Structure formats: structure tokens, C-alpha cells
Amino acid sequence: MKFFIDTANLAQIKEAQDLGVLDGVTTNPSLMAKEGIVGKDNVLAHYKAICDIVDGDVSAEVISTDVDGMLKEAEELCKIDPKIVIKVPIIANGIKAIKKLTSKGIRTNCTLIFSSGQALLAAKAGATYVSPFLGRLDDVSTDGLNLIEEIRIIFDNYGYQTEILAASVRGPMHIINCAKIGADVVTAPLNAITALLNHPLTDKGLAQFLEDSKKFNV
Ligand code: G3P
């Protein structure tokens with residue numbers, strides 16, 4: 001399973017990259033705004049800064065909702081770096097844009113997926129990734145993991161190459177459960193990724209090993 005980090009924070013991206021397990025980055029307009037990135041030139045420069053840190057894919061989201069606008073934005077974003085993947089919302093114009101971008105060999109991430117039908121349409125249009133939002137479904141008392149399971153079954157039934165990129169991940173159990181289901185990618189905040197490291201028995205065991213090592217390390 002690939003690990004992406006879901007942030008536009010450069011320090012956190014660097015920390016995840018330095019950990020050695022990072023396969024890519026996802027961003028969205030809210031995450032960019034959270035970092036105080038405003039104005040088109042600054043946004044493009046920030047994507048470049050992210051691409052310079054990571055080795056893998058970097059999802060950059062369009063803000064247009066018409067096909068021509070999405071294609072124009074995609075063209076500009078693709079010029080930044082070959083790592084850029086164009087993130088497009090699952091609306092009718094988004095599907096049209098994904099189809100056109102795919103035919104030009106441009107990779108896409110279809111976002112704001114809340115149903116398996118939306119994921120199926122995105123896969124048919126040729127999306128590289130679909131991003132089902134787990135946490136936001138859980139927030140409205142709907143089983144987000146069940147959506148990942150449905151999409152996995154549908155994609156496997158027909159051999160769709162579109163990768164399931166589990167998004168809106170809130171903690172380590174989301175990551176573990178996505179891995180059990182067979183999500184291709186999980187994008188998560190840094191704290192959810194590093195939480196996978198933690199276990200009190202590891203801390204206790206390490207403390208004991210270090211204490212015992214003093215007996216022979218003299
Ligand atoms: O990048 C999209 C998604 O991961 C957003 O997550 O926490 O805002 O629901 P969240």
C-alpha cells in the first residue's frame with residue numbers, strides 16, 4: 001500500500017519524506033489556505049516547493065468547475081513538475097475533463113467521492129486515482145470503510161486500473177483498516193502516519209533493553 005501525506009505543510013511533508021516511507025502528497029484548496037498560501041503565483045510556487053521535497057505523486061486540485069477552465073488549470077499545473085497529478089471533483093464537467101486529460105496522458109485524481117457509483121464513473125473516464133472521503137462519511141454516521149470495500153469489489157470485478165486512494169483519514173485505525181480492505185493508497189495527516197509507530201510494549205521493551213545493556217556495555 002502506498003502512503004501519501006494529506007497536507008500542504010512543507011515541514012510535515014519533509015518529516016514524512018525523511019521517515020523514508022512517503023510515496024506522495026495530496027493537497028486541496030482548504031489545505032493550501034490553511035498554510036496561508038494565497039494568489040495564483042504563490043500557489044504554483046508552493047506546489048513546486050512540495051515537488052522538490054518528495055519523490056512521488058503530488059495531487060494539485062483545480063478550482064474551475066467548467067471543462068475549459070479545468071483543462072487550462074491542468075495545463076499550467078502540469079508545467080510545474082512531472083510529479084503533478086491533477087485533482088478534479090466528481091461532477092459531470094469533472095468526468096469530461098478527466099476523459100480529456102487521460103487521452104492526453106495526464107494523470108488525474110478524482111476527488112470528493114462519497115459513493116461507489118461516483119468511483120465507477122471516474123474509473124470509466126480513466127482516472128488514475130479515486131479519492132473516497134472516509135472520515136467525512138464517518139462524520140455523518142455512514143460507514144466510510146464500507147465505501148472502500150464496495151469500490152474495491154467493483155474495480156476488481158472489471159479490472160479497472162484506477163487506484164483507490166483513501167482520503168479524509170483521521171487516525172491509525174483508518175489506515176490499518178484500509179490496508180486490510182486493499183486500498184491502493186492511503187493519504188493521511190502526519191500524526192496518523194506516525195501513530196502507527198506507537199505501542200506501549202515497544203516503549204517498555206526498549207527501556208528494558210537499554211537498561212540491561214548497561215550491564216554489559218561497560
Ligand atoms: O484531501 C482530501 C481529504 O483528505 C480531506 O480530508 O479531513 O478535510 O475530511 P478532511
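In what order do the eight strands close into a barrel? I started there, keeping in mind that this is a predicted model. I read the order as β1-β2-β3-β4-β5-β6-β7-β8, with parallel pairing. I also looked up the twist: neighbouring strands of this sheet are turned by 30° against each other on average, ignoring direction.

**Entry: one strand pair**

I picked β4 and β5 for a closer look. β4 covers residues 84–89 and β5 covers residues 108–113. The two run parallel, and I noted four bridges joining them. Across this pair, Lys87 stands opposite Asn109 of β5. I kept Lys87 on my list, since the ligand was next.

**Entry: the ligand**

Which residues are around the ligand? I wrote down Asp6, Asn28, Lys87, Phe133, Arg136, Ala167, Ser168 and Arg170. So much for the names; then I went through some polar side-chain distances.

- Asp6 has a polar side-chain atom 2.4 Å from a ligand oxygen.
- For Asn28, I noted 3.1 Å between a polar side-chain atom and an oxygen of the ligand.
- Lys87 puts a polar side-chain atom 3.2 Å from a ligand oxygen.

**Entry: the largest pocket**

I put the volume of the largest pocket down as about 370 Å³. Its lining has 23 residues, and the closest to the pocket centre are Asp6, Asn28, Leu31, Ser168 and Pro189. I recognised some of these from the ligand list: Asp6, Asn28 and Ser168 are in both.

Which element gives the most to this lining? It is α2, with three residues. α2 spans 29–34, and α10, spanning 190–194, also supplies at least two lining residues. Sorting the lining by class, I got ten polar, seven nonpolar and six charged residues.

**Entry: the second largest pocket**

How much space lies in the second largest pocket? I noted about 270 Å³. The lining residues are Pro29, Met32, Gly39, Lys40, Val43, Leu44, Tyr47, Glu61, Ile63, Glu73, Glu76 and Leu77. The elements giving two or more of them are α2, α3 (40–53) and α4 (67–80). α3 has the largest share, four residues.

By class I wrote seven nonpolar, four charged and one polar residue for this lining. Back at the largest pocket, the nonpolar entry also reads seven.

**Entry: loose end**

I flagged α2 for another look: α2 supplies residues to the lining of the largest pocket, and α2 is also listed for the second largest pocket.

Definitions and conventions:
Residues are numbered from 1 along each chain as its sequence is written. This is a predicted model: local features need pLDDT of at least 70, side-chain atom pairs count only at pLDDT 80 or more; totals for chains, interfaces and linings use all residues. Side-chain values use heavy atoms; hydrogens and water are left out. On a 1 Å grid over the protein atoms alone, a cavity is a set of points where a 1.4 Å probe fits but cannot get out, and a pocket is an open set with protein on both sides within 12 Å along at least five of seven lines; lining residues have an atom within 4 Å of a point. Grid points are joined across faces, edges and corners, and a volume is the space filled by probe spheres set on the points. Ala, Val, Leu, Ile, Met, Phe, Trp, Tyr, Cys and Pro count as nonpolar, Asp, Glu, Lys and Arg as charged, and the others, Gly among them, as polar. Two strands pair if DSSP finds at least two bridges between them. Axes are lines fitted to C-alpha atoms, for helices over the stretch in contact, and angles run from 0 to 180 degrees between N-to-C directions. A residue is near a molecule or strand if one of its heavy atoms lies within 4 Å of it. A polar contact is a pair of N or O atoms within 3.5 Å; within protein, one must be able to donate a hydrogen and the other to accept it, and residues adjacent in sequence count only if both atoms are side-chain atoms.
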